Amino acid sequence: MIKCRENIANDAKKCYYLINEGVNFMLIEYRVKNFMSYKNEIILSMVADKNRELSDANLFQYENMTLLRSAAIFGANASGKSNLIQSFVFFNNIFSSYADTHKMIANLPYFKLDTESHNKPVSFEISFFLNGKRHRYGIEIDSKGIYSEWLYFVPKRQEACYFERKRNEIVRTGTYFEDKKALDYIKPDATRPFLFTLAQDSIKEFTWAKEIVNYLKFYIRPSNLPEMFFKSMIEEEILKGSESEILSKEEVLSFLKDADIGIVGISVIEKKTDEDEFLRQFIEFMKQKGESVEPVESNELETYMHHFKYDERYNVVDEERFPLDMESRGTVKLYALLFPILFVLKRGGILLVDEIESSLHPLLCERIIRLFNNSKTNPRNAQLIFTTHNTLLMNPKLLRRDQIYFIEKNKYGESGMYSLYDIDLDIRSNFNYLNNYLAGRFGAIPYLGEFNLSI
């Protein structure tokens, strides 16, 4: 049972605070297969193309590779865009100590619109840099548990094996696995990744496993947590301060002022309540993960936005404070997004945002993307992956062609993904991505009927 606000907050927020500042981590490639609408394998590559016609902006060099700082995924409603974000979340959750893996396996989100896919495993593979070395990790899961698992890395020039697993047996270990005698007492769990097992605190031999699991658990951050979750984290930083130095009141206020939403000040107060909205939403969130929680008495933190108050001659005479829930939907969302945005920009990692334009103006979305694409505001080379319907963001001055992806679903319910760079186009300096996309030249748009209604 979780008894108090402090314990809930600590457990919830550890994915944002258990960070090794010396770690360098970058996504190279992500593959997923037989997950929700992805019957066949799709590949999201963050490797920049070397074509000279593309701008060198929005890139960074790491080791011997040139990687993208952001990727945008466009597509029609129900095409499968959100499923890509959900696949990252599912993959991330299998490394969570709180996850009920038996329940996850019993309810695998495999492709359900044919008669064969339920007999095949859900598959994930991720390639990434960690502390200067390239890694490739994959796992396949079916209704019986972990079907297969593999981990490779590149210590020098050639890829080397850490281990390969088939069901509950380790079928191969490489020379870098080191203490192979440990396998006499460390056995694979049928429902847990072997990498997760090796990374447990009770096992001291495999520090590399701990580093990799920390990456997979803590550096891939979806923004789909309840907005009250991030709101509470910002409030605590502003009111109480922290050693994390993620944000300050001045930074939050500066960001909100630059967003041109009429806010001139911000304040946070503390008041006692039986159960605040953060707890209510987070308790529900934990219940969905199978955790048992109960209502508790807590101290609620409340944000107030300050606006100028004017006399009849429009002279500023005072400030009026409004609680956050009286502000617009866009203001609330922007305020909540500030924490994960500033966190990854200062600490590095991957930020996943589904429908980035929801309640936000296109120009504001553009500014957020530019924060990631700019080396000055993104010195840690954080990467932003987002889905969107906002075609105004399909702008060659904002995104390169290899940063623009499309997801399209065929008549059989199968989603496929491809890059704008993969489309054979005669690109000229005045080529308009937006108009060509809306004209159907790139695919991934809805083909609408007449909507004939008898009213």
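In this predicted model, a salt bridge joins the side chains of Glu-320 and Lys-309, with 3.5 Å from N to O. Glu-320 sits in strand 14 (residues 316-323) and Lys-309 in strand 13, so the bridge ties together parts that are 11 residues apart in sequence. Glu-320 is partly exposed, at 33% relative accessible area, and Lys-309 is partly exposed as well, at 42%.

Strand 13 has something else to show. Phe-308 belongs to this strand, which covers residues 298-310, and with a relative accessibility of 37% it counts as partly exposed. Together with Tyr-310, Tyr-314 and Val-316, Phe-308 makes a nonpolar surface patch of about 470 Å².

Let us return to the charged pairs. Side chains of opposite charge can pair when their charged atoms come close. The model has 16 salt bridges, and three of them are set out here.

| Pair | Closest N to O | Separation in sequence |
|---|---|---|
| Glu-320 and Lys-309 | 3.5 Å | 11 residues |
| Asp-114 and Lys-39 | 3.3 Å | 75 residues |
| Glu-414 and Lys-39 | 3.4 Å | 375 residues |

Lys-39 appears in two of these rows, pairing with Asp-114 and with Glu-414. Lys-39 lies in the loop between strand 1 (25-33) and strand 2 (42-45), while Asp-114 lies in the loop between helix 3 (101-106) and strand 6 (122-130). Glu-414 comes from the loop between strand 17 (404-409) and strand 18 (415-419). Both pairs link distant parts of the chain. Lys-39 is partly exposed at 26% relative accessible area, and Asp-114 is partly exposed at 23%. Glu-414, in contrast, counts as buried because its relative accessibility is 17%, under the 20% cut-off. Elsewhere, a network of salt bridges links Glu-29, Arg-31, Glu-41, Glu-125, Arg-136 and Glu-159.

Now for helix 10 and the loop after it. Helix 10 has 12 residues and reaches 16 Å from first to last C-alpha, close to the 16 Å expected. Its buried residues include Leu-371 and Phe-372, and the cover over its buried residues includes strand 5 (70-75), helix 7 (249-258) and helix 9 (329-347).

Asn-378 is found in the loop between helix 10 (362-373) and strand 16 (383-388), and it is buried, with a relative accessible area of 0%. Beyond its sequence neighbours up to four places away, Asn-378 touches Arg-69, Leu-345, Leu-371 and Phe-372. Its side chain also reaches the backbone nitrogen of Ala-382 at 2.8 Å. Val-344 is 34 residues from Asn-378 in sequence, yet their C-alpha atoms are 8.6 Å apart in space.

Technical notes
Residues numbered from 1 in each chain as written. Predicted model: local features only at pLDDT ≥ 70, side-chain atom pairs only at ≥ 80, totals over all residues. Heavy atoms only, no water. Patch = residues over 30% accessible without salt bridge, like charges linked within 9 Å, V, L, I, M, F, W, Y side chains within 5 Å. Areas by Shrake-Rupley, 256 points an atom, 1.4 Å probe, with all protein chains shown as cover. Salt bridge = Lys/Arg side-chain N within 4 Å of Asp/Glu carboxyl O. Helix = DSSP H or I, 4+ residues; strand = E, 2+ residues; numbered from the N terminus. Buried < 20%, exposed > 50% of the residue type's maximum accessible area, 1.4 Å probe, protein only. Contact = heavy atoms within 4.5 Å. Polar contact = N/O pair within 3.5 Å; in protein donor to acceptor, adjacent residues only side chain to side chain. Expected span 1.5 Å × (residues − 1).
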